Amino acid sequence: MAVTLRELKKNELASIYPLVKLLSPYVGRPEFEKRLKAMIPLGYRAVGVFDGKRMVALSGFWIGMRFWCGRQFDIDNFVVHDAYRGKGIGEKLTRWLEKKAVAEQCDIMVLDAYVHNMLSHRFYHKMGFTITGYHFTKVPGSNAPYKAKSPF
């Protein structure tokens, strides 16, 4: 399938909402816009995959530094529209991200996946990722568990 991949400009980032909504259906547009406005100054970036002019997949990413791993390329909001799954788009997107991580001289690529999203686990293993730890969460000021609102 012939698709194009490119990093989105800051003024295009709001266009990712329909795809982000697939991963986080509980986040309405006003909350999305509020969060995006706060994320951009912190370094949030995204790459879109286009079939013509239609964005059919995306991944956000952040570049940071951590004591434990050095320069870190953090993949965030990786999603391929349902109608485009199984066509190699996820692989193309992952390869683009890896090339970007190399170009940005990152020491490691990291991502989070919901525990129960076994299809994503299989995909990320196939793409060379390994599980190296657990992602713990806590609601501040509470001992109640964080309830991930996942569509998976």
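**Exercise 1.** Find how many salt bridges a search of the whole structure gives.

*Solution.* Keep in mind that this is a predicted model. To count as a salt bridge, a side-chain nitrogen of Lys or Arg has to lie within 4 Å of a carboxyl oxygen of Asp or Glu. Run that search over the whole structure and you end up with eleven salt bridges. The idea behind it is simple: side chains of opposite charge can pair when their charged atoms come close.

**Exercise 2.** Take Arg45 and work out which parts of the chain its salt bridges link.

*Solution.* Start with Glu7: its salt bridge with Arg45 has the closest N and O atoms 2.8 Å apart. Now place the two partners. Arg45 sits in strand β2 (residues 45-51) and Glu7 in strand β1 (residues 4-7), so the pair links distant parts of the chain, 38 residues apart.

Next comes Glu104, which also forms a salt bridge with Arg45, here with 3.3 Å between the closest N and O atoms. Glu104 is found in the loop between α3 (89-103) and β5 (108-111), and 59 residues separate it from Arg45.

Last step: put the pairs into a wider picture. Glu7, Arg45 and Glu104 belong to a network of salt bridges that also takes in Arg71 and Lys100.

**Exercise 3.** Decide whether Arg45 and Glu7 are buried, partly exposed or exposed.

*Solution.* You need the cut-offs: buried is under 20% relative accessible area, exposed is over 50%, and partly exposed is in between. Arg45 has 24%, so it's partly exposed. Glu7 has 26%, so it's partly exposed too.

**Exercise 4.** Look at Glu91 and Arg95 and explain how they are placed in helix α3.

*Solution.* First, the pair itself: Glu91 and Arg95 form a salt bridge, with the closest N and O atoms 3.9 Å apart. Then the spacing: they are four residues apart in helix α3, which means about one helical turn separates them. Finally, the exposure: Glu91 is partly exposed at 24% relative accessibility, and Arg95 is partly exposed at 42%.

**Exercise 5.** Describe the overall fold and say how compact the protein is.

*Solution.* Count the elements: four helices and five strands. Along the sequence they come in the pattern β-α-α-β-β-β-α-β-α. The radius of gyration is 16 Å, close to the 15 Å from the globule rule for 152 residues, so the protein is as compact as a globular protein of that length. As for burial, 35% of the 152 residues count as buried.

Key
Residues numbered from 1 in each chain as written. Predicted model: local features only at pLDDT ≥ 70, side-chain atom pairs only at ≥ 80, totals over all residues. Heavy atoms only, no water. Helix = DSSP H or I, 4+ residues; strand = E, 2+ residues; numbered from the N terminus. Rg over C-alpha atoms; globule rule 2.2 N^0.38 Å. Buried < 20%, exposed > 50% of the residue type's maximum accessible area, 1.4 Å probe, protein only.
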